[in-house]
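Biologist: I should like to go through this structure with you and ask, at each step, how a label is justified. May we place it before us and begin?

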Amino acid sequence: MKWILVALFAVLAATTMVCGMANAKVAGECANCHTMHNSQDGAPMALSGAAWESGGFLNGTAASSPNASLLVADCIGCHSSASSQTIISAGSSDIPIVYNHVPPTDPLAGGNFYWVAQGDDTKGHNVYGISGQDSNIGLDEGAPGHDGISCGGPGSCHSTLAAPPDDGAGPGSTGNWNRGGCQGCHVFTYHHVDNAAYRFLKGHGSGTLPPNIDVVHRENISVYTDYVTGVEDSDWEQTVSTADHNWYKGSTEEYFGDAFFNGLRVQHTVTAFCAGCHWGFHGPTGIDPITPSLGMGPMGGPWVRHPVDIALPTTGEFATYANDPIANYSVETPIGWVTLPTDSSGTGAAGPVVMCLSCHRPHGSDQPDLMRFDYGTMLAGEDGSGGCFNCHTAK
């Protein structure tokens, strides 16, 4: 029996996860990710500070305290690498890496936490276990653009992702229902089932729908429909081109009130998800944030901040991109779609819109403010190209 257990745990370095187009369902031996008793030959099996090495080996420090859900490593450990590779092949599995300990080669679509982990708080989301609280933004200030619409108590994910998860006590505790850090955004990680939530981007549900306290049960997307949809590139955009990329959901609908009535629950867009913490970035100033006139669409104009979830105009300076958005798609400044394609080829895609990810990478980048390009080099009247000029061609 002993040799069977030894062989079972030896496959830790040869996981067989299979990731689909819009989910990350895992297939393979349970021991690839879990340890039954957190001990083997007197040594603990759980790892702290884990990271994949080039060649597909998961290394870390043996931890006597087990991880949640009997996992060998936590979210960060499973998606980190000590090498520069952003996809690690372990056996028949490809593991997407979002946090490299050295400068990453070919960062994936969401970017990488490498730069913010080096101490530059402007270059990524500050996530618990990767980097501390943003030195430029106090904990009492909350997330940039946070204006009180969402939960904002101490430790709330809507205020910071850098605080440790709370005790899971629900309302009246610190606010994030044991969903801090990575799970502040990737709330429910459906690694064992297929699910329509794109990259696990789902809210935790709200209101009076039962059960209205325990966040664990709010993963049911047929009841709590606050999730993002999209079509995912097979290699998470490690290789990317006009014909090889993610397809993001967009909308041109006005968001009302707190965004629940016609926001994420209905539209399922990336922008609606980002607005859960950063709502105030794109509403007009001087408007009561609780009223429907907040305006995430045309009714909110004139714009005092860059619009998102609004149709890419087909006239004037925008015509080059908007009139043939599939052929002219820019991987540097991607767009969302009112109608998603039926597959990764883009069949059926329609309605190009500007979104948050048109300018930002959600994990982080080598540019300030998580930008996708060097904003400081955008010079109007200088025949510039790239960045802002991918859409604003006549500037």
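Modeller: Certainly. This is a predicted model. Let us begin with Y227, which lies in the loop between α3 and β7.

Biologist: Why is Y227 called buried or exposed?

Modeller: The relative accessible area of Y227 is 12%. Buried means under 20%, so Y227 is buried.

Biologist: What does Y227 touch, leaving aside residues up to four places away in sequence?

Modeller: Y227 touches A196, A197, L201, K202, I221, L264 and H268. Its C-alpha is also 6.1 Å from that of G203, a residue 24 positions away in sequence.

Biologist: K202 is among those contacts. What makes the pair of D226 and K202 a salt bridge?

Modeller: The nitrogen and oxygen of the two side chains are 2.8 Å apart. The cut-off is 4 Å, so D226 and K202 form a salt bridge. The pair links distant parts of the chain, 24 residues apart, with both D226 and K202 in the loop between α3 and β7. Both residues are buried.

Biologist: Why can such side chains pair at all?

Modeller: Side chains of opposite charge can pair when their charged atoms come close.

Biologist: How many salt bridges does a search of the whole structure find?

Modeller: The search finds 3. One of them joins E232 and R199, whose closest N and O atoms are 3.1 Å apart. E232 lies in the loop between β7 (230–231) and β8, and R199 in the loop between α3 (114–117) and β7, so the pair ties together parts that are 33 residues apart in sequence. E232 and R199 are both buried.

Biologist: How do you know that K123 and D120 also qualify as a salt bridge?

Modeller: Their side chains meet at 3.6 Å, N to O. That value is within 4 Å, so the pair K123 and D120 counts as a salt bridge.

Biologist: Why are K123 and D120 given the labels they have for burial?

Modeller: K123 has a relative accessible area of 19%, and the limit for buried is under 20%, so K123 is buried. D120 has 28%, between the limits of 20% and 50%, so D120 is partly exposed.

Biologist: Let us turn to the cysteines. Why is C277 not bonded to C185?

Modeller: The sulfur of C277 is 6.2 Å from that of C185, its closest cysteine sulfur. A disulfide needs sulfur atoms within 2.5 Å, so the two are too far apart for a bond. C359 is in no disulfide either, as the nearest cysteine sulfur, that of C388, is 6.5 Å away. By this rule the count comes to 0 disulfides.

Biologist: What are the relative accessible areas of C277 and C359?

Modeller: C277 has 18% and is buried, whereas C359 has 22% and counts as partly exposed.

Biologist: C277 is one of the buried residues of α5. What makes helix α5 largely enclosed?

Modeller: Of the 9 residues of α5 (residues 270–278), 7 are buried, so the helix is largely enclosed by the rest of the structure. The buried ones are V270, T271, A272, F273, A275, C277 and H278. Their cover includes β8 (247–249) and α4 (264–267).

Biologist: What is notable in the backbone of L70 and D369?

Modeller: L70 has a positive phi of about 60 degrees although it is not a glycine, and D369 likewise has a positive phi of about 60 degrees without being a glycine. L70 is placed in the loop between β2 (57–62) and α2 (75–78), and D369 in the segment after β11 (350–354).

Biologist: Why is D369 called exposed, and L70 partly exposed?

Modeller: D369 has a relative accessible area of 52%, and exposed means over 50%, so D369 is exposed. L70, at 45%, falls between the two limits, so L70 is partly exposed.

Biologist: Which residues lie nearest the centre of the second largest pocket?

Modeller: They are D106, P107, L108, E237 and R361, from a lining of 19 residues. The lining divides into 8 nonpolar, 6 polar and 5 charged residues. The space in this pocket is about 220 Å³.

Biologist: Finally, what does the chain as a whole contain?

Modeller: The chain contains 6 helices and 11 strands. Of its 395 residues, 47% count as buried.

Note on methods: Residues numbered from 1 in each chain as written. Predicted model: local features only at pLDDT ≥ 70, side-chain atom pairs only at ≥ 80, totals over all residues. Heavy atoms only, no water. Buried < 20%, exposed > 50% of the residue type's maximum accessible area, 1.4 Å probe, protein only. Helix = DSSP H or I, 4+ residues; strand = E, 2+ residues; numbered from the N terminus. Contact = heavy atoms within 4.5 Å. 1 Å grid on protein atoms, 1.4 Å probe; cavity = no way out; pocket = protein on both sides within 12 Å on 5 of 7 lines; lining within 4 Å. Points joined across faces, edges and corners; volume = space filled by probe spheres on them. Nonpolar A, V, L, I, M, F, W, Y, C, P; charged D, E, K, R; others polar.
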